[in-house]
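Work through the exercises below with the model open. Try each task before reading its solution.

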Amino acid sequence: MGFEVLLKGNNMLRLLGGLGVALYISLISVAISIFLGIILGALMTLKNPVINVFSRVYLEIVRIMPQMVLLFIVYFGATKVLGLNLSAEVSAVIVFSFWGTAEMSDLVRGALSGIDTIQYESSAALGMNTAQTYFHVIIPQIIRRLIPLSINLITRMIKTTSLVMMIGIVEVLKVGQQIIEANRKSSPNAAFGVFATIFLLYFLACYPISLLSKYLEKKWEN
Amino acid sequence: MDFNVIKDYLPLYIKAFMLTIKIGWIGIALSLGIGVISAFILHFKIPFFSAVVKVYVELFRNTPLLVQLFFVYFGLPKLGISISAEACGAIGLGLLGGSYMAESFRSGLGAVKLSQTESALALGMKKRQLFTSVILPQAITLSVPAVVANLIFLLKETSVFSAISLMDLMFTAKDLIGLYYNTTECLFMLVIFYVIMLLPVSVLGSIVEKKARFKMFGD
């Protein structure tokens, strides 16, 4: 069935290393996205017309452009048009942060505008000042809404990083292909075993995170 | 930007565009079918099948389409199951989409308030009437936003097909860049064609979403 290939030499370790590359890129992108997304999301609630138009256009671009197209634009387009020689890893981080920031800012905006005015009024009635209102009342509620959703974003980011093999980053799928090519003679059925293993590896990486996100969402439901 | 190049490549892009749309919508039709059936199985808690559906939904929601396609296109032939690239694309998209649609429909069904069921029963409705005239219409309305988001997501995911050498938009662009090195023009056309494909869906989707929100009943 082709699974025996993985036991040869350090093939399984190489495969895990490939998954590590994918996870590494997605974690960096998620960190950047969360940081920029919170800033942009907070700005979007200000109802400034310039920011509104900008964010609408930005969100629409992200909503309708496949990440793969964005990857190609940054990786191949930037070199040709701007003369910038970005490495594949840097392009991937730029694209995934661009996409993640949009998703995150929309979540932050939703969470912020989902807080009732009653919350602000009650805090004012209790004699809290603005800083106290935010620290003790608003931000704790927002964090409870945001954490499950941002954890969800991590799984989506991990799944999307599988695309980076298309711009030549050696991640788990590419390593898998290399292993299959190298063992073409000795185990012709390697493709089944290797791709089934990669399928499972991705599942094992994402499923616990999905479960955690679901659990927190249920736990913090009002 | 060289417009002669764009004119020369246009027929190739149109051909690729048609193929992308064809496979995309076949996949989406499949995913809607799989999604509805799976959601019903989950909602009515049909023994055995609901366990199978649960495993299927979790497996496909937690793995990338690219990996699924590689497994089906390169892995399964080793077991003697050979599928053409086009069929593989449509089936892969259908299976991925099915798991997302199942979640959306199921949460739509679950979000209908208990008071609706109780009121309908108090009015003397039969189980079947309760489902078809009270629960189902509301569940469909409730799942509209998620379904629209899924449609756009699935149409975007079609860009992954190029990896199994299906001659879609992405593959055409990559191929032409590799052959003639007209990167700017090729990428420009790629973006334009994806906008043509997705902008109408996005705009229509937003309108449908707004309409569905007004049709909400109760609170």
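**Exercise 1: a surface residue in chain A**

Leu46(A) sits in the loop that links helix H1 (11-44) to helix H2 (49-64) of chain A. Helices are DSSP runs of H or I, at least four residues, numbered from the N terminus. The model is predicted: local features need pLDDT of at least 70, side-chain atom pairs pLDDT 80 or more, while totals for chains, interfaces and linings use all residues. Residues are numbered from 1 along each chain as its sequence is written, chains are lettered from A in the order in which they are written, and side-chain values use heavy atoms, without hydrogens and water.

Task: Is Leu46(A) buried or exposed?

Solution. Take the cut-offs: buried is under 20% relative accessible area, exposed over 50%, partly exposed in between (1.4 Å probe, protein chains only). Leu46(A) has 57%, so Leu46(A) is exposed.

Task: Which nonpolar patch includes Leu46(A)?

Solution. Leu46(A) joins Tyr24(A), Ile28(A), Ile32(A), Phe35(A), Leu36(A), Ile39(A) and Leu43(A). Together they expose about 740 Å² of accessible area.

**Exercise 2: the layout of chain B**

Task: How many helices and strands does chain B have?

Solution. Chain B has eight helices and zero strands. Its C-alpha atoms fill a box of roughly 70 × 45 × 20 Å along the principal axes.

Task: What share of the 219 residues in chain B is buried?

Solution. The buried share is 49%. Next, consider contacts (heavy atoms within 4.5 Å). Of those in chain B between residues at least 6 apart in sequence, 80% join residues at least 24 apart.

Definitions and conventions. Patch = residues over 30% accessible without salt bridge, like charges linked within 9 Å, V, L, I, M, F, W, Y side chains within 5 Å. Areas by Shrake-Rupley, 256 points an atom, 1.4 Å probe, with all protein chains shown as cover. Salt bridge = Lys/Arg side-chain N within 4 Å of Asp/Glu carboxyl O. Helix = DSSP H or I, 4+ residues; strand = E, 2+ residues; numbered from the N terminus.
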